[in-house]
Amino acid sequence: GVIWYDGKMVNWRDATTHVLTHTLHYGMGVFEGVRAYKTDKGTAIFRLQEHTDRLFRSAHILQMKMPFTKEEMMEAQKAAVRENNLESAYMRPMAFYGAEAMGISAKTLSTHVIVAAWKWGAYMGQEALDNGIRVKTSSFSRHHVNITMCKAKANGNYMNSILAHQEAAQDGYEEALLLDVDGFVAEGSGENIFIVRNGKLYTPDLTSALEGITRDTIVQLAAEIGLTVIEKRITRDEVYGADEAFFTGTAAEVTPIRELDRRAIGAGTAGPITKQLQKMYFDVVTGKSAK
Ligand code: PLP
């Protein structure tokens, strides 16, 4: 396969960088996770504009100068899918600082941009999509830098996501739920969360979570079927006592949560509203229904 690298297609194994790459040392960089789906009219990248807008917004927040325009980055993403002959794909655009100088200052550094694309199925497996996952509340919270800068999908924001996911996996769970520093529910390691109670949908406000594009899609789909969506601070016990719960994300799509901290959620299986929204989501991304 090939990877789009600073405006050129390079072979997968040649898409490398120097060990003194600034971002490798300090974690200052921005990225996106995007999916392309097979539809009746060919392969379609889901919400390409929104993902590209968020990539540039993340870069703006970190004051990283992007050496390409939004239009060029959208073309790059299309090219990465096309040149690899992918019918469906997960795509990873990323911007990172070069290796011209060491030290904290990034002033003199060049910015490099890549787009990789590969075939990727269900992030947590088909069983997870069908029947839901078991989740553990993490001992790692969405800490300060994360909270004040969580609108940026920045490499450096993922350290506690990785620690949280690692901890959950070691304890036999599929995913972690991170709380914010005040103890309210924030998000998964790479997903936003929703709960269902008495026929209404609740999701944490965006104080301490990434502005998920899948989250936004679910809010729109819920409106279509007349479901009320309430954005508010959510506590851990509200999740324990929910009728249903699910994660949303480009990678995780709509993944039901059947258990949190050894408490079954609802009937302990994927709930009916979750399943309905999941089906609507797959219909939208595969072009079977309009957004
Ligand atoms: N929260 C975090 C921390 C993420 O990394 C992601 C993944 O992008 C999400 C939420 C979900 O966002 P989206 O639906 O835009 O993929």
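In this predicted model, 15 residues surround the ligand, and L210, G212, I213, T214 and T250 come nearest. Two secondary-structure elements, α7 (213-224) and β14 (244-249), each supply at least two residues of this shell. Helix α7 gives the most, with three residues. By class, polar residues number nine in the shell around the ligand, alongside three nonpolar and three charged residues.

The protein as a whole comprises nine helices and 16 strands. Its radius of gyration is 19 Å, close to the 19 Å that the globule rule gives for 291 residues, so the protein is as compact as a globular protein of that length. The C-alpha trace spans about 55 × 45 × 30 Å along the principal axes. Of the 291 residues, 42% are buried. Among contacts with a separation of 6 or more, 68% link residues 24 or more positions apart.

Strand pairing was examined at the start of the chain. Strand β1 (residues 2-5) pairs with strand β2 (residues 8-11) in the antiparallel sense, over four bridges. Within this pairing, W4 has M9 of β2 as its bridge partner. The hairpin of β1 and β2 has two residues between the strands. There, D6 takes a positive phi near 50°. Strand β1 also runs antiparallel to strand β7 (residues 111-118), joined by two bridges. In that pairing, Y5 stands opposite I114 of β7. Strand β1 is thus bridged both to β2 and to β7.

Note on methods:
Residues numbered from 1 in each chain as written. Predicted model: local features only at pLDDT ≥ 70, side-chain atom pairs only at ≥ 80, totals over all residues. Near = placed C-beta within 6 Å. Nonpolar A, V, L, I, M, F, W, Y, C, P; charged D, E, K, R; others polar. Rg over C-alpha atoms; globule rule 2.2 N^0.38 Å. Buried ≥ 20, exposed ≤ 12 C-beta atoms within 10 Å, placed from the backbone. Contact = placed C-beta atoms within 7 Å. Pairing = 2+ DSSP bridges.
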